[in-house]
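Trainee: I would like to learn how to read helix packing and strand environment in a model like this one. Could we go through it feature by feature?

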Amino acid sequence: MTDLYKPLCSLKEGHWFKLICGASFQHLPAVRNLTLAYALAGADCIDVAADPAVIAAAQEALEVAKLLAVDAQQQGFAYQGSPWLMVSLNDGEDPHFRKAEFNPEVCPVECPRPCEKICPAKAIVFDRNLFSGVVQDLCYGCGRCIPICPNDLIYTRSYVATPGAIAPLVLSTGVDALEIHTQVGRITEFKRLWQGIKPWVNRLKLIAISCPDGDGMIDYLWNLHSIIAPLPCPLIWQTDGRPMSGDIGDGTTLAAVKLSQKVLAAGLPGYVQLAGGTNDYTVAKLRAIGLMKRSGDAGADLRFRGQRSEKSNNYKPKVKSCPSLHAPRPSISGIAYGSYARALLLPILEQLDQMPINQDTVVPPLRLEDNQKLLWQAVKLANSLVSQLKSV
């Protein structure tokens, strides 16, 4: 694995930025435009649904970003090359892999429709273009509509991404990275999934494992490491603090930070990256408690290796540091932004949707690069988030 990869350098230096479009988010124009804006702003990784059409939309945006690279750099943005493209899959039920559903025909006429108001993706509509219900491509499974429905009419449809569906994507579409969503206690399911994707792992630049907190989480993660080791590529532990909540308020970032501290203290081999509740307050919080890697920090030189305990089947950390260096304070290597990053650009994307289209020169729907004013407004907004991490 060459250090010349910009995303890998960002991981080692502690300013890796990942945009999460959403494992269930399949609105192609939005995926394309979000990818373009955040790529030009200097993102290191774009995480999209494991869907061929979604992957193609993101890759098209990355090609456009290359054409606009000089313009972005001249305007002071951090674009230095294409971000890695990541897809996600799961080993069981997971909130990231679901869609909301309900039958609008049974909704009471007098209902104030709080579901429509609370949906951050604007995926719930009534009487729009002769359609009422959930716009499936827009829904990313946050679940906020479920408890707020006064009639308990909303439910979710979950799904599991299978290795058989993922493998062709890795082989034929140039996906760079894979993220596995799991939960404590699913060792059997994880093993089954890993055996299915293991033959293609050597084609990847990165593997990430995302897991929310739970009793016995650290032991569970050590057991996962014993299953996947050795890896031919870097490994990220994604600490999923409070899934899909970053746009709710500043308090949501505390869960992500707390979980990252827990995983860092365990000394697991690999990089630690926050997710779940990350927003505009996350970098400031990490700086305040000393979890951001500082310039010249020897943390990149610290290496971990697993050692199996004689008294248990779980791996325990054994630190091996460079002999001339003191062991540095553990620090996070990056942050992934999902709902907050998407909401930040939503006003621009809505303006784009409302722009008149010249049918002679532009094929609908309007692409972000078709309106230069909105394009660079979107990149500037994206940069306001990316630069927090890149300027550390």
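Mentor: Let us begin with a pair of helices, bearing in mind that this is a predicted model. Helix 2 and helix 12 cross in a right-handed sense. Their axes come within 11 Å and cross at roughly 115°, which makes helix 2 roughly perpendicular to helix 12.

Trainee: Which residues in helix 2 and helix 12 meet?

Mentor: From helix 2, the residues are Ala 30, Asn 33, Leu 34, Ala 37 and Tyr 38, and they meet Ala 341, Arg 342, Leu 344, Leu 345, Leu 349 and Leu 352 in helix 12. Sorted by class, this contact has 9 nonpolar, 1 polar and 1 charged residues.

Trainee: At what angle do helix 2 and helix 13 pack?

Mentor: Helix 2, residues 28-41, packs against helix 13, residues 372-390, at an angle of about 60°, with the axes 8 Å apart. That angle makes helix 2 oblique to helix 13, and the crossing here is right-handed. The contact of helix 2 with helix 13 divides into 12 nonpolar residues, 1 polar residue and no charged ones. On the helix 2 side the contact involves Leu 36, Ala 37, Tyr 38, Leu 40 and Ala 41, while the helix 13 residues include Leu 375, Trp 376, Asn 383 and Val 386.

Trainee: Turning to strands, why is strand 10 described as largely enclosed by the rest of the structure?

Mentor: The general idea is that in a regular strand the side chains alternate between the two faces of the sheet. In strand 10, Leu 235, Trp 237 and Thr 239 point one way, whereas Ile 236, Gln 238 and Asp 240 point the other way, and all are buried. Because 6 of the 6 residues of strand 10 are buried, the strand is largely enclosed by the rest of the structure.

Trainee: In which sense do strand 9 and strand 10 pair, and over how many bridges?

Mentor: Strand 9, which spans residues 206-211, pairs with strand 10 in the parallel sense over 5 bridges. To follow one of these bridges, look at Ser 210, whose bridge partner in strand 10 is Gln 238.

Trainee: How should I read the accessibility of a single residue, for instance Cys 9?

Mentor: Cys 9 lies in helix 1, residues 6-13, and its relative accessibility is 25%, so it counts as partly exposed. Sequence separation is a further thing to read: Cys 9 and Asp 44 are 35 residues apart in sequence, and their C-alpha atoms are 9.6 Å apart in space.

Terms used: Residues numbered from 1 in each chain as written. Predicted model: local features only at pLDDT ≥ 70, side-chain atom pairs only at ≥ 80, totals over all residues. Heavy atoms only, no water. Helix = DSSP H or I, 4+ residues; strand = E, 2+ residues; numbered from the N terminus. Buried < 20%, exposed > 50% of the residue type's maximum accessible area, 1.4 Å probe, protein only. Axes fitted to C-alpha atoms, helices over the stretch in contact; angles between N-to-C directions. Parallel < 35°, antiparallel > 145°, perpendicular 65-115°, else oblique. Left-handed = near helix turned anticlockwise from the far one by under 90°. Contact = heavy atoms within 4.5 Å. Nonpolar A, V, L, I, M, F, W, Y, C, P; charged D, E, K, R; others polar. Pairing = 2+ DSSP bridges.
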